[in-house]
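Here is a short report on a structure with paired strands and a contact between chains. Look at the strands before you read on.

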Amino acid sequence: MSAASGLTIAVPRGALFGGTVDLLALLGLDTEELRTNDRKLLFEDIGVVTMRPSDVPTYVEAGAADIGVTGKDVLLEQLAHAQGERGRDVYELLDLGFGRCTMVLASKQSADPDHDPALESLRRLGVMRVATKYPRIAARYLEETGRQGEIVEVKGSVELAPLTGMVDAIVDLTATGTTLRENNLVVREEIVVCTARLIANPVSHKLKAAQIDALLGQLRALPAAGVG
Amino acid sequence: MIHPIPSGTRDVLPQETGEVRAITDTLRRVFDRHGYGEIYTPALEYESVLARADMAEARPAYRVFDETGAVLVLRSDMTAPIARVVATRYGEREGPLRFCYFAHTYRGVRPQRGQLREMLQAGIELIGAPAPEGTAEALTVLCDSLEAVGLEDFRIGVGDASLFPALMESLQVPLSARDELLATLVRRDFVALEHRLHEAGVSEDAAELLLDVPQRRGGPELLTDAPAPAVEAVTGMRRVYELLPESVAARVIFDLGLIRNIGYYTGAVFEVYDPALGAPIGGGGRYDELLGRFGRSMPAVGFALYVDSLHQALAGEERGTGALSQLRSVAANGEQL
(Lines give C-alpha, C1' and ligand atoms only; values in the text may rest on other atoms or scores of the structure.)
Protein backbone atom coordinates (compact mmCIF):
# COMPACT_ATOMS: atom_id res chain seq x y z
CA MET A 1 0.00 0.00 0.00
CA SER A 2 1.46 3.33 -0.98
CA ALA A 3 0.58 6.63 -2.54
CA ALA A 4 2.18 8.91 -5.09
CA SER A 5 5.14 9.44 -2.73
CA GLY A 6 5.62 5.65 -2.59
CA LEU A 7 5.64 5.83 1.20
CA THR A 8 3.21 4.53 3.79
CA ILE A 9 2.91 7.08 6.60
CA ALA A 10 1.71 6.26 10.13
CA VAL A 11 -0.27 9.25 11.43
CA PRO A 12 -1.13 9.54 15.14
CA ARG A 13 -4.71 10.23 16.20
CA GLY A 14 -5.11 12.50 19.24
CA ALA A 15 -3.15 15.60 20.21
CA LEU A 16 -0.59 15.33 17.38
CA PHE A 17 -3.19 14.65 14.69
CA GLY A 18 -3.86 18.25 13.69
CA GLY A 19 -0.21 19.21 13.41
CA THR A 20 0.61 16.09 11.43
CA VAL A 21 -2.25 16.54 8.98
CA ASP A 22 -1.32 20.21 8.49
CA LEU A 23 2.20 19.09 7.67
CA LEU A 24 0.94 16.49 5.18
CA ALA A 25 -1.21 19.17 3.54
CA LEU A 26 1.83 21.45 3.22
CA LEU A 27 3.62 18.55 1.53
CA GLY A 28 0.87 18.49 -1.08
CA LEU A 29 -1.22 15.53 0.08
CA ASP A 30 -5.00 15.71 -0.28
CA THR A 31 -5.96 15.58 3.40
CA GLU A 32 -9.67 16.41 3.01
CA GLU A 33 -10.97 12.91 3.78
CA LEU A 34 -8.38 12.43 6.53
CA ARG A 35 -9.74 15.50 8.33
CA THR A 36 -13.40 14.67 7.95
CA ASN A 37 -13.59 10.91 8.44
CA ASP A 38 -12.39 10.03 11.92
CA ARG A 39 -13.56 6.43 11.80
CA LYS A 40 -11.58 5.33 8.77
CA LEU A 41 -8.12 3.93 9.52
CA LEU A 42 -6.64 3.33 6.10
CA PHE A 43 -6.36 6.06 3.46
CA GLU A 44 -4.79 4.12 0.61
CA ASP A 45 -4.84 6.80 -2.06
CA ILE A 46 -2.60 9.09 0.00
CA GLY A 47 -0.63 6.28 1.72
CA VAL A 48 -1.74 7.13 5.24
CA VAL A 49 -2.66 4.84 8.13
CA THR A 50 -3.98 6.30 11.38
CA MET A 51 -3.55 4.88 14.87
CA ARG A 52 -2.96 5.91 18.46
CA PRO A 53 0.44 7.58 18.96
CA SER A 54 1.91 4.78 21.06
CA ASP A 55 1.25 2.29 18.23
CA VAL A 56 3.20 4.31 15.65
CA PRO A 57 6.65 2.90 16.59
CA THR A 58 5.20 -0.62 16.53
CA TYR A 59 3.92 -0.30 12.96
CA VAL A 60 7.04 1.49 11.76
CA GLU A 61 9.41 -1.00 13.40
CA ALA A 62 7.56 -3.89 11.72
CA GLY A 63 7.71 -2.15 8.36
CA ALA A 64 3.91 -1.97 8.08
CA ALA A 65 4.49 1.77 7.67
CA ASP A 66 7.69 3.23 6.19
CA ILE A 67 7.66 6.40 8.25
CA GLY A 68 5.53 7.82 11.03
CA VAL A 69 4.96 10.71 13.37
CA THR A 70 4.86 10.26 17.13
CA GLY A 71 5.75 12.08 20.33
CA LYS A 72 9.17 11.93 21.95
CA ASP A 73 7.35 10.80 25.11
CA VAL A 74 6.22 7.65 23.28
CA LEU A 75 9.73 6.98 21.99
CA LEU A 76 11.27 7.53 25.44
CA GLU A 77 8.74 5.20 27.05
CA GLN A 78 9.61 2.48 24.54
CA LEU A 79 13.37 3.00 24.81
CA ALA A 80 15.61 0.21 26.03
CA HIS A 81 15.30 0.09 29.80
CA ALA A 82 17.79 -2.33 31.27
CA GLN A 83 21.35 -2.65 30.07
CA GLY A 84 21.67 -5.08 27.17
CA GLU A 85 18.03 -4.63 26.28
CA ARG A 86 17.09 -3.28 22.87
CA GLY A 87 14.80 -0.33 22.23
CA ARG A 88 12.53 0.01 19.23
CA ASP A 89 14.46 -0.46 16.02
CA VAL A 90 13.32 2.76 14.36
CA TYR A 91 15.34 5.71 13.10
CA GLU A 92 14.54 9.13 14.52
CA LEU A 93 15.00 11.46 11.58
CA LEU A 94 13.60 14.86 12.47
CA ASP A 95 12.27 16.96 15.33
CA LEU A 96 9.05 18.36 13.85
CA GLY A 97 8.78 21.01 16.54
CA PHE A 98 5.03 20.88 17.12
CA GLY A 99 3.10 19.16 19.92
CA ARG A 100 5.44 20.67 22.50
CA CYS A 101 4.79 19.26 25.99
CA THR A 102 6.79 18.79 29.16
CA MET A 103 7.09 15.60 31.17
CA VAL A 104 6.84 16.71 34.80
CA LEU A 105 6.84 15.41 38.32
CA ALA A 106 3.92 17.01 40.16
CA SER A 107 2.45 16.68 43.63
CA LYS A 108 -0.37 18.15 45.69
CA GLN A 109 -0.30 21.79 46.66
CA SER A 110 -0.11 22.43 50.39
CA ALA A 111 -0.62 25.53 52.51
CA ASP A 112 3.11 26.03 52.86
CA PRO A 113 4.39 26.62 49.29
CA ASP A 114 7.73 24.99 50.08
CA HIS A 115 6.13 21.86 51.41
CA ASP A 116 6.25 19.02 48.89
CA PRO A 117 4.38 15.91 50.08
CA ALA A 118 6.42 13.71 47.74
CA LEU A 119 9.71 14.84 49.28
CA GLU A 120 8.32 14.47 52.75
CA SER A 121 7.29 10.92 52.00
CA LEU A 122 10.76 10.24 50.61
CA ARG A 123 12.36 11.72 53.74
CA ARG A 124 10.19 9.92 56.26
CA LEU A 125 9.35 6.63 54.52
CA GLY A 126 12.38 6.34 52.20
CA VAL A 127 10.25 5.93 49.11
CA MET A 128 7.88 8.03 47.03
CA ARG A 129 4.87 6.50 45.38
CA VAL A 130 4.35 7.83 41.88
CA ALA A 131 1.35 7.27 39.61
CA THR A 132 1.94 7.54 35.86
CA LYS A 133 1.01 6.39 32.38
CA TYR A 134 4.74 6.34 31.64
CA PRO A 135 6.15 3.74 34.06
CA ARG A 136 9.50 3.39 32.27
CA ILE A 137 10.19 7.12 32.03
CA ALA A 138 9.15 7.59 35.67
CA ALA A 139 11.26 4.67 36.93
CA ARG A 140 14.28 5.79 34.90
CA TYR A 141 13.97 9.38 36.14
CA LEU A 142 13.75 8.40 39.81
CA GLU A 143 16.67 6.04 39.35
CA GLU A 144 18.78 8.71 37.64
CA THR A 145 18.05 11.21 40.38
CA GLY A 146 18.94 8.67 43.04
CA ARG A 147 15.53 8.29 44.65
CA GLN A 148 13.61 5.17 45.45
CA GLY A 149 10.21 5.08 43.89
CA GLU A 150 7.24 2.83 43.78
CA ILE A 151 5.60 3.17 40.38
CA VAL A 152 1.83 2.78 40.16
CA GLU A 153 0.69 2.43 36.56
CA VAL A 154 -2.74 3.91 35.77
CA LYS A 155 -4.52 4.10 32.42
CA GLY A 156 -6.91 7.01 32.96
CA SER A 157 -6.69 10.45 34.59
CA VAL A 158 -3.47 10.40 36.54
CA GLU A 159 -4.41 13.56 38.49
CA LEU A 160 -6.87 11.54 40.51
CA ALA A 161 -4.20 9.34 42.09
CA PRO A 162 -2.58 11.89 44.47
CA LEU A 163 -5.94 13.53 45.26
CA THR A 164 -7.24 10.26 46.66
CA GLY A 165 -4.05 9.72 48.62
CA MET A 166 -3.10 6.62 46.66
CA VAL A 167 0.26 8.12 45.70
CA ASP A 168 2.51 11.03 46.69
CA ALA A 169 3.19 12.36 43.19
CA ILE A 170 2.58 11.86 39.47
CA VAL A 171 4.75 11.82 36.39
CA ASP A 172 2.77 13.08 33.43
CA LEU A 173 2.88 15.09 30.24
CA THR A 174 1.54 18.64 30.37
CA ALA A 175 1.22 21.31 27.70
CA THR A 176 -0.20 24.30 29.59
CA GLY A 177 -0.46 23.01 33.15
CA THR A 178 -4.17 23.87 33.30
CA THR A 179 -5.38 20.38 34.22
CA LEU A 180 -2.75 20.16 36.94
CA ARG A 181 -3.72 23.53 38.43
CA GLU A 182 -7.42 22.72 38.31
CA ASN A 183 -6.71 19.59 40.31
CA ASN A 184 -4.63 21.44 42.87
CA LEU A 185 -1.35 19.94 41.70
CA VAL A 186 1.98 21.78 41.43
CA VAL A 187 4.82 21.04 39.04
CA ARG A 188 7.83 20.21 41.22
CA GLU A 189 10.35 19.08 38.61
CA GLU A 190 10.59 19.21 34.83
CA ILE A 191 11.89 15.94 33.43
CA VAL A 192 12.09 16.42 29.67
CA VAL A 193 10.52 18.48 26.87
CA CYS A 194 8.79 16.38 24.22
CA THR A 195 7.88 17.30 20.64
CA ALA A 196 6.63 15.39 17.61
CA ARG A 197 9.30 13.34 15.82
CA LEU A 198 9.52 11.82 12.37
CA ILE A 199 10.63 8.19 12.57
CA ALA A 200 11.48 5.66 9.86
CA ASN A 201 11.75 1.92 9.42
CA PRO A 202 15.44 0.89 9.05
CA VAL A 203 14.85 -1.18 5.91
CA SER A 204 12.63 1.46 4.26
CA HIS A 205 15.32 4.04 5.09
CA LYS A 206 17.62 2.11 2.70
CA LEU A 207 15.23 0.72 0.09
CA LYS A 208 13.20 3.92 -0.23
CA ALA A 209 16.08 6.32 0.42
CA ALA A 210 15.19 8.69 -2.43
CA GLN A 211 11.56 9.13 -1.34
CA ILE A 212 12.44 9.56 2.32
CA ASP A 213 15.22 12.06 1.58
CA ALA A 214 12.91 14.02 -0.73
CA LEU A 215 10.35 14.20 2.06
CA LEU A 216 12.98 15.25 4.60
CA GLY A 217 14.15 17.96 2.23
CA GLN A 218 10.60 19.27 1.87
CA LEU A 219 10.07 19.22 5.65
CA ARG A 220 13.33 21.03 6.38
CA ALA A 221 12.39 23.70 3.86
CA LEU A 222 9.13 24.44 5.70
CA PRO A 223 9.43 27.46 8.00
CA ALA A 224 7.09 25.83 10.55
CA ALA A 225 9.23 22.76 11.23
CA GLY A 226 12.38 24.24 12.70
CA VAL A 227 14.91 21.45 13.11
CA GLY A 228 16.12 20.93 16.68
CA MET B 1 -1.85 -30.23 28.99
CA ILE B 2 -0.04 -27.11 27.87
CA HIS B 3 3.58 -26.77 28.91
CA PRO B 4 5.18 -23.41 28.09
CA ILE B 5 8.56 -22.69 26.48
CA PRO B 6 10.50 -19.43 26.97
CA SER B 7 9.43 -16.46 24.83
CA GLY B 8 11.64 -16.08 21.80
CA THR B 9 12.12 -19.82 21.38
CA ARG B 10 10.12 -22.14 19.12
CA ASP B 11 9.31 -25.71 18.34
CA VAL B 12 9.70 -26.36 14.64
CA LEU B 13 7.27 -28.97 13.35
CA PRO B 14 7.73 -31.16 10.24
CA GLN B 15 6.22 -28.88 7.59
CA GLU B 16 8.27 -25.90 8.67
CA THR B 17 11.37 -28.01 9.20
CA GLY B 18 10.99 -29.18 5.61
CA GLU B 19 10.98 -25.61 4.36
CA VAL B 20 13.89 -24.55 6.57
CA ARG B 21 15.86 -27.61 5.46
CA ALA B 22 15.26 -26.70 1.82
CA ILE B 23 16.82 -23.30 2.53
CA THR B 24 19.79 -24.57 4.53
CA ASP B 25 20.52 -27.41 2.07
CA THR B 26 20.62 -24.89 -0.75
CA LEU B 27 22.87 -22.54 1.21
CA ARG B 28 25.17 -25.44 2.10
CA ARG B 29 25.58 -26.32 -1.58
CA VAL B 30 26.47 -22.72 -2.45
CA PHE B 31 28.95 -22.42 0.43
CA ASP B 32 30.48 -25.76 -0.54
CA ARG B 33 30.79 -24.75 -4.19
CA HIS B 34 32.77 -21.68 -3.11
CA GLY B 35 35.12 -23.86 -1.06
CA TYR B 36 33.80 -23.19 2.46
CA GLY B 37 34.13 -26.15 4.84
CA GLU B 38 31.36 -26.61 7.40
CA ILE B 39 32.28 -26.68 11.08
CA TYR B 40 30.54 -27.19 14.41
CA THR B 41 31.58 -25.58 17.66
CA PRO B 42 30.07 -26.01 21.14
CA ALA B 43 27.04 -23.88 22.05
CA LEU B 44 28.61 -23.47 25.52
CA GLU B 45 31.95 -21.71 25.82
CA TYR B 46 34.08 -20.24 28.61
CA GLU B 47 33.01 -16.66 29.27
CA SER B 48 36.62 -15.57 29.71
CA VAL B 49 37.55 -16.88 26.25
CA LEU B 50 34.67 -15.33 24.28
CA ALA B 51 35.11 -12.06 26.20
CA ARG B 52 38.25 -11.50 24.09
CA ALA B 53 35.92 -10.50 21.26
CA ASP B 54 34.39 -7.05 21.66
CA MET B 55 30.75 -7.89 21.11
CA ALA B 56 29.17 -4.63 22.37
CA GLU B 57 25.39 -5.04 22.33
CA ALA B 58 25.57 -8.58 20.95
CA ARG B 59 27.52 -9.99 23.89
CA PRO B 60 26.40 -13.31 25.37
CA ALA B 61 23.29 -12.98 27.54
CA TYR B 62 23.15 -16.38 29.26
CA ARG B 63 25.64 -17.61 31.85
CA VAL B 64 25.86 -20.82 33.82
CA PHE B 65 28.37 -22.36 36.21
CA ASP B 66 29.88 -25.73 35.43
CA GLU B 67 30.63 -28.35 38.09
CA THR B 68 33.99 -26.71 38.89
CA GLY B 69 32.51 -23.23 39.25
CA ALA B 70 33.85 -21.93 35.92
CA VAL B 71 31.51 -19.49 34.12
CA LEU B 72 30.14 -20.73 30.80
CA VAL B 73 28.11 -18.69 28.30
CA LEU B 74 25.79 -19.61 25.47
CA ARG B 75 27.44 -18.24 22.32
CA SER B 76 25.77 -15.13 20.87
CA ASP B 77 27.32 -15.44 17.42
CA MET B 78 29.62 -17.77 15.48
CA THR B 79 32.34 -15.32 14.53
CA ALA B 80 34.02 -15.24 17.94
CA PRO B 81 33.99 -19.08 18.33
CA ILE B 82 35.49 -19.47 14.84
CA ALA B 83 38.20 -16.91 15.67
CA ARG B 84 38.98 -19.07 18.70
CA VAL B 85 39.12 -22.23 16.55
CA VAL B 86 41.47 -20.60 14.05
CA ALA B 87 43.86 -19.36 16.75
CA THR B 88 43.80 -22.70 18.56
CA ARG B 89 43.70 -25.27 15.77
CA TYR B 90 45.10 -23.51 12.71
CA GLY B 91 47.95 -21.67 14.38
CA GLU B 92 50.50 -22.48 11.68
CA ARG B 93 48.32 -22.62 8.59
CA GLU B 94 48.60 -19.88 5.97
CA GLY B 95 45.39 -18.19 4.86
CA PRO B 96 43.02 -17.89 3.38
CA LEU B 97 40.87 -20.25 5.44
CA ARG B 98 37.21 -20.73 4.50
CA PHE B 99 34.60 -21.91 6.99
CA CYS B 100 30.82 -22.07 6.94
CA TYR B 101 28.36 -22.92 9.69
CA PHE B 102 24.69 -23.57 10.46
CA ALA B 103 24.27 -22.97 14.14
CA HIS B 104 21.93 -21.67 16.82
CA THR B 105 23.02 -18.52 18.61
CA TYR B 106 21.55 -17.02 21.78
CA ARG B 107 20.66 -13.41 22.58
CA GLY B 108 18.64 -11.53 25.17
CA VAL B 109 15.30 -10.25 23.89
CA ARG B 110 12.52 -7.82 24.66
CA PRO B 111 9.23 -9.65 24.97
CA GLN B 112 6.42 -9.37 22.41
CA ARG B 113 8.63 -8.10 19.64
CA GLY B 114 9.20 -11.27 17.68
CA GLN B 115 12.87 -11.23 18.68
CA LEU B 116 14.47 -14.62 18.91
CA ARG B 117 16.27 -15.81 22.01
CA GLU B 118 17.55 -18.77 20.03
CA MET B 119 18.35 -17.91 16.43
CA LEU B 120 19.50 -20.19 13.62
CA GLN B 121 22.28 -18.51 11.67
CA ALA B 122 23.88 -19.66 8.42
CA GLY B 123 27.10 -17.96 7.46
CA ILE B 124 30.68 -17.96 6.30
CA GLU B 125 33.99 -16.69 7.62
CA LEU B 126 36.83 -15.95 5.21
CA ILE B 127 40.04 -15.66 7.21
CA GLY B 128 43.37 -14.42 5.91
CA ALA B 129 41.90 -12.57 2.93
CA PRO B 130 42.35 -8.80 3.20
CA ALA B 131 40.25 -6.05 1.62
CA PRO B 132 39.28 -5.49 -1.06
CA GLU B 133 39.47 -9.01 -2.57
CA GLY B 134 38.23 -10.80 0.56
CA THR B 135 35.32 -8.40 1.00
CA ALA B 136 34.33 -8.81 -2.65
CA GLU B 137 34.41 -12.60 -2.30
CA ALA B 138 32.19 -12.52 0.80
CA LEU B 139 29.68 -10.23 -0.94
CA THR B 140 29.67 -12.51 -3.98
CA VAL B 141 29.01 -15.63 -1.90
CA LEU B 142 26.28 -13.73 -0.02
CA CYS B 143 24.58 -12.73 -3.25
CA ASP B 144 24.90 -16.21 -4.79
CA SER B 145 23.37 -17.73 -1.65
CA LEU B 146 20.33 -15.47 -1.64
CA GLU B 147 19.76 -15.92 -5.36
CA ALA B 148 20.06 -19.71 -5.00
CA VAL B 149 17.30 -19.84 -2.38
CA GLY B 150 15.10 -17.82 -4.73
CA LEU B 151 14.95 -14.45 -2.97
CA GLU B 152 14.32 -11.91 -5.70
CA ASP B 153 14.12 -8.34 -4.48
CA PHE B 154 16.87 -8.28 -1.87
CA ARG B 155 19.49 -5.52 -1.67
CA ILE B 156 22.77 -5.41 0.23
CA GLY B 157 23.60 -2.26 2.18
CA VAL B 158 27.36 -1.66 2.32
CA GLY B 159 29.06 0.81 4.64
CA ASP B 160 32.31 1.15 6.53
CA ALA B 161 32.64 0.94 10.30
CA SER B 162 35.75 3.14 10.28
CA LEU B 163 34.09 6.01 8.42
CA PHE B 164 32.34 7.86 11.24
CA PRO B 165 35.22 7.47 13.73
CA ALA B 166 37.61 8.77 11.05
CA LEU B 167 35.29 11.68 10.40
CA MET B 168 35.19 12.54 14.13
CA GLU B 169 38.98 12.26 14.36
CA SER B 170 39.71 14.60 11.47
CA LEU B 171 37.05 17.10 12.55
CA GLN B 172 38.61 17.11 16.04
CA VAL B 173 35.51 16.11 17.93
CA PRO B 174 36.46 16.03 21.66
CA LEU B 175 37.59 12.51 22.63
CA SER B 176 35.23 12.35 25.59
CA ALA B 177 32.17 12.83 23.36
CA ARG B 178 33.02 10.29 20.67
CA ASP B 179 31.70 7.09 22.23
CA GLU B 180 28.33 8.58 22.93
CA LEU B 181 28.06 10.14 19.46
CA LEU B 182 28.85 6.77 17.91
CA ALA B 183 26.27 5.02 20.10
CA THR B 184 23.69 7.62 19.06
CA LEU B 185 24.46 6.98 15.40
CA VAL B 186 24.15 3.21 15.92
CA ARG B 187 20.57 3.90 17.07
CA ARG B 188 20.18 6.32 14.12
CA ASP B 189 18.71 8.93 16.40
CA PHE B 190 19.59 11.88 14.19
CA VAL B 191 17.70 14.34 16.39
CA ALA B 192 19.77 13.40 19.44
CA LEU B 193 22.92 13.29 17.30
CA GLU B 194 22.41 16.92 16.34
CA HIS B 195 21.84 17.94 19.99
CA ARG B 196 24.89 16.03 21.20
CA LEU B 197 27.11 17.54 18.50
CA HIS B 198 26.15 21.00 19.70
CA GLU B 199 26.62 20.03 23.35
CA ALA B 200 30.08 18.69 22.52
CA GLY B 201 31.01 22.11 21.15
CA VAL B 202 31.62 20.91 17.61
CA SER B 203 31.80 23.77 15.10
CA GLU B 204 28.79 24.48 12.90
CA ASP B 205 30.45 23.25 9.70
CA ALA B 206 31.80 20.08 11.29
CA ALA B 207 28.42 19.28 12.88
CA GLU B 208 26.71 19.68 9.53
CA LEU B 209 29.14 17.24 7.93
CA LEU B 210 28.81 14.73 10.78
CA LEU B 211 25.03 14.83 10.38
CA ASP B 212 24.94 14.80 6.61
CA VAL B 213 27.48 12.12 5.72
CA PRO B 214 25.88 9.25 7.66
CA GLN B 215 22.54 10.00 6.00
CA ARG B 216 23.99 9.54 2.52
CA ARG B 217 22.95 6.31 0.86
CA GLY B 218 22.45 5.27 -2.73
CA GLY B 219 24.35 4.00 -5.75
CA PRO B 220 28.07 4.19 -6.62
CA GLU B 221 27.69 7.88 -7.52
CA LEU B 222 27.87 8.39 -3.73
CA LEU B 223 31.52 7.40 -3.77
CA THR B 224 32.70 10.13 -6.10
CA ASP B 225 32.18 13.29 -4.04
CA ALA B 226 32.96 12.18 -0.49
CA PRO B 227 34.30 14.86 1.89
CA ALA B 228 38.05 14.69 2.50
CA PRO B 229 38.00 12.98 5.95
CA ALA B 230 35.88 10.14 4.56
CA VAL B 231 38.01 9.58 1.48
CA GLU B 232 39.96 6.64 2.86
CA ALA B 233 36.88 4.60 3.78
CA VAL B 234 35.09 5.57 0.60
CA THR B 235 38.09 4.65 -1.56
CA GLY B 236 38.04 1.25 0.13
CA MET B 237 34.37 0.86 -0.76
CA ARG B 238 35.08 1.81 -4.36
CA ARG B 239 37.88 -0.78 -4.64
CA VAL B 240 35.50 -3.49 -3.42
CA TYR B 241 32.79 -2.29 -5.79
CA GLU B 242 35.16 -2.47 -8.77
CA LEU B 243 35.85 -6.15 -8.01
CA LEU B 244 32.20 -7.19 -7.85
CA PRO B 245 30.56 -9.12 -10.69
CA GLU B 246 27.85 -7.07 -12.33
CA SER B 247 25.00 -9.11 -10.82
CA VAL B 248 26.34 -8.48 -7.29
CA ALA B 249 27.13 -4.82 -7.91
CA ALA B 250 23.54 -4.25 -9.02
CA ARG B 251 22.33 -5.40 -5.57
CA VAL B 252 24.53 -3.01 -3.58
CA ILE B 253 23.25 0.12 -1.85
CA PHE B 254 26.04 2.21 -0.36
CA ASP B 255 25.17 3.56 3.07
CA LEU B 256 27.73 5.89 4.64
CA GLY B 257 25.90 5.71 7.97
CA LEU B 258 25.82 1.93 8.26
CA ILE B 259 27.25 0.86 11.60
CA ARG B 260 26.43 -2.46 13.20
CA ASN B 261 25.91 -2.90 16.93
CA ILE B 262 28.79 -5.36 17.23
CA GLY B 263 32.07 -3.81 18.30
CA TYR B 264 34.59 -5.98 16.44
CA TYR B 265 33.96 -4.67 12.92
CA THR B 266 36.85 -2.65 11.51
CA GLY B 267 36.13 -1.94 7.83
CA ALA B 268 33.38 -2.78 5.39
CA VAL B 269 30.07 -3.74 7.03
CA PHE B 270 26.96 -5.03 5.29
CA GLU B 271 23.31 -5.77 5.90
CA VAL B 272 20.76 -7.62 3.77
CA TYR B 273 17.35 -6.06 3.18
CA ASP B 274 14.24 -7.33 1.49
CA PRO B 275 11.06 -5.28 0.94
CA ALA B 276 9.04 -8.20 2.30
CA LEU B 277 10.49 -7.76 5.80
CA GLY B 278 10.88 -4.71 8.07
CA ALA B 279 14.21 -5.81 9.58
CA PRO B 280 17.53 -6.96 8.06
CA ILE B 281 17.71 -10.68 7.20
CA GLY B 282 21.45 -10.89 7.64
CA GLY B 283 24.64 -8.94 8.00
CA GLY B 284 28.38 -9.05 8.30
CA GLY B 285 31.60 -7.24 7.68
CA ARG B 286 35.35 -7.09 8.08
CA TYR B 287 36.90 -7.81 11.46
CA ASP B 288 40.62 -7.41 10.81
CA GLU B 289 41.59 -7.14 14.49
CA LEU B 290 39.45 -9.87 16.05
CA LEU B 291 41.81 -12.76 15.23
CA GLY B 292 44.67 -10.82 16.82
CA ARG B 293 42.76 -10.71 20.10
CA PHE B 294 42.82 -14.51 20.05
CA GLY B 295 46.56 -14.49 19.33
CA ARG B 296 46.64 -15.06 15.58
CA SER B 297 46.56 -11.75 13.75
CA MET B 298 44.88 -12.12 10.35
CA PRO B 299 42.48 -9.98 8.31
CA ALA B 300 39.03 -11.56 8.04
CA VAL B 301 35.51 -11.01 6.78
CA GLY B 302 32.23 -12.89 7.11
CA PHE B 303 28.46 -12.76 7.10
CA ALA B 304 25.55 -14.47 8.83
CA LEU B 305 22.05 -14.96 7.44
CA TYR B 306 19.20 -15.20 9.93
CA VAL B 307 17.51 -18.33 8.60
CA ASP B 308 14.08 -17.66 10.12
CA SER B 309 14.03 -14.09 8.77
CA LEU B 310 15.14 -15.36 5.37
CA HIS B 311 12.32 -17.89 5.50
CA GLN B 312 9.83 -15.13 6.35
CA ALA B 313 11.09 -12.94 3.51
CA LEU B 314 10.79 -15.84 1.06
CA ALA B 315 7.26 -16.52 2.26
CA GLY B 316 6.48 -12.81 1.87
CA GLU B 317 7.84 -12.70 -1.67
CA GLU B 318 6.24 -16.05 -2.49
CA ARG B 319 2.81 -14.49 -2.70
CA GLY B 320 3.80 -13.61 -6.24
CA THR B 321 6.28 -16.20 -7.39
CA GLY B 322 6.08 -19.55 -5.64
CA ALA B 323 9.87 -19.58 -5.19
CA LEU B 324 9.70 -21.49 -1.94
CA SER B 325 7.63 -24.42 -3.16
CA GLN B 326 9.82 -24.62 -6.24
CA LEU B 327 12.89 -24.69 -4.05
CA ARG B 328 11.40 -27.41 -1.90
CA SER B 329 10.69 -29.71 -4.82
CA VAL B 330 14.17 -29.09 -6.21
CA ALA B 331 15.71 -29.88 -2.85
CA ALA B 332 13.57 -33.00 -2.50
CA ASN B 333 14.80 -34.27 -5.85
CA GLY B 334 18.38 -33.63 -4.81
CA GLU B 335 19.07 -31.54 -7.90
CA GLN B 336 22.00 -29.18 -8.01
CA LEU B 337 20.93 -25.59 -8.15
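## A bridge between two strands

A:Val11 has a bridge partner in strand 3 of chain A: A:Thr50. This is a predicted model.

The pairing involves strand 1, residues 9–12, and strand 3, residues 48–51, both of chain A. These two strands pair in the parallel sense. Their pairing runs over 4 bridges.

## The sheet of chain A

Now take in the whole sheet. It is open and has 6 strands of chain A. Their order is 2-3-1-4-11-5, and the pairing is mixed. Which strands are the edge strands? They are strand 2 (42–43) and strand 5 (91–95) of chain A. Each of them pairs on one side only.

## Helices on the sheet

Helix 1 of chain A covers residues 17–26. Helix 1 lies across strand 1, strand 4 (67–71) and strand 11 (196–200) of chain A. Helix 1 runs at about 140° to strand 1 of chain A.

A helix from chain B packs on the sheet too: helix 7 of chain B touches strand 5 and strand 11 of chain A. The direction of helix 7 makes about 65° with that of strand 5 of chain A.

## Where the chains meet

How many residues does the contact take from each chain? It takes 20 residues from chain B and 20 residues from chain A. On the side of chain B that touches chain A, four elements each supply at least two residues: strand 7 (155–160), helix 7 (190–199), strand 8 (217–218) and strand 9 (252–255) of chain B. Helix 7 of chain B gives the most, with 3 residues.

By type, the residues on this side of chain B divide into 9 nonpolar, 4 polar and 7 charged.

Notes. Residues numbered from 1 in each chain as written. Chains lettered and ligands numbered in written order. Predicted model: local features only at pLDDT ≥ 70, side-chain atom pairs only at ≥ 80, totals over all residues. Contact = placed C-beta atoms within 7 Å. Nonpolar A, V, L, I, M, F, W, Y, C, P; charged D, E, K, R; others polar. Pairing = 2+ DSSP bridges. Axes fitted to C-alpha atoms, helices over the stretch in contact; angles between N-to-C directions.
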